[in-house]
Amino acid sequence: MNHLSIYKKFDNGSFIMLIDNSKERYLATQNLDLQKSVYGEKIIKLEDVEYRIWEPFRSKLAAAILRNLEENPIKESSSVLYLGASTGTTVSHVSDIVGSKGVIFAVEPSARVAREFLENVASRRKNIIPILMDARNYLQYYSYYGLVDVVYSDIAQPDQTEIAINNCKSYLKGGGHLVIIIKTRSIDVLMDPKVVTKNEAKKLEKNNFEILQIVDLEPFDKDHSLIHAKYMG
Ligand code: SAM
């Protein structure tokens, strides 16, 4: 990773694409929690700004951007309901992107990973509100906030699409965006992953979503795709 230079800036520079001298591309976000690396990612300084390298093998949103996601709906100042925060790898980059004017409601039910998430990420970043609950019980966190700009879901469950739809119906603005990671093997191990993804996209269409793009995450994640959809309200 020698001689990195900025290749492209997205969304007012809230995340950037870098290129090195062998034309390898890297993503990075401007670090909101200075000098803190969350999952072993490299910290770099360019033009006096500190960035964290955003690893596509660790974060499916980074993988989708490198696989040509046309629009990342998570921007500076966005409000995001994030289902499946885990230890906070992707949430930390989303937190960098939305910045101090944005907010992330980060839902995670597993006590084992939530502890690391709280210690390492959520307690250090003011724009993250952790919700230690199961996203199936979406009505239980009704009191937290009003409507959000984006629902991001990465929960690897057989009923992942239904859970995302229920959360969107309760919390997503009309015209807001859903980004859902489909782990096809959690739904059907035998069916062709492309067919599984198409079936999940159809469920979204039946529930008033317009599909904007489907991105296959190979080679970063096998049998995973990302669906970007717009909620018509
Ligand atoms: N999004 C994370 C990232 O990129 O850093 C990785 C998420 S990991 C693939 C899936 C997470 O979803 C796990 O931490 C799991 O505990 C959580 N999860 C599973 N079922 C869930 C549910 N019903 N509601 C909320 N989270 C759930």
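This is a short talk about one helix, some unusual backbone spots and two pockets in a protein model.

Okay, hi everyone. What we have here is a predicted model, so I only trust local features at pLDDT of at least 70 and side-chain atom pairs at pLDDT 80 or more, while totals for chains, interfaces and linings use all residues. Residues are numbered from 1 along each chain as its sequence is written, and side-chain values use heavy atoms, with hydrogens and water left out.

Let's start with helix α3, residues 111–120. Helices here are DSSP runs of H or I with at least four residues, strands are runs of E with at least two, and both are numbered from the N terminus. Which residues of α3 are buried? They're V113, A114, F117 and N120. They sit on the same side of α3, because they cover an arc of only 150 degrees around the axis, taken from the directions from the helix axis to the C-beta atoms. Flip to the other side, and you find A111, R112, R115 and E119 exposed. For the cut-offs, buried is under 20% relative accessible area, exposed is over 50%, and partly exposed is in between, using a 1.4 Å probe and protein chains only.

Now the backbone oddities. Most residues other than glycine have a negative phi, and most peptide bonds are trans. S77, in the loop between α1 (60–66) and β6 (79–83), has a positive phi, near 75 degrees. S86 also has a positive one, near 55 degrees, and lies in the loop between β6 and α2. Both serines are partly exposed, S77 at 36% and S86 at 32%. Then there's the peptide bond from E218 to P219, which is cis, with omega near 5 degrees.

Last up, pockets. On a 1 Å grid over the protein atoms alone, a pocket is an open set of points where a 1.4 Å probe fits, with protein on both sides within 12 Å along at least five of seven lines; lining residues have an atom within 4 Å of a point. The largest one has a volume of about 440 Å³, and volume is the space filled by probe spheres set on the points, which are joined across faces, edges and corners. Remember S86? Of the 27 lining residues, S86 is among the closest to the centre, together with G84, E108, D154 and I155.

The second largest pocket comes in at about 230 Å³. E218, from our cis bond, is one of its lining residues. Which helix gives the largest share of that lining? That's α6, with 4 residues.
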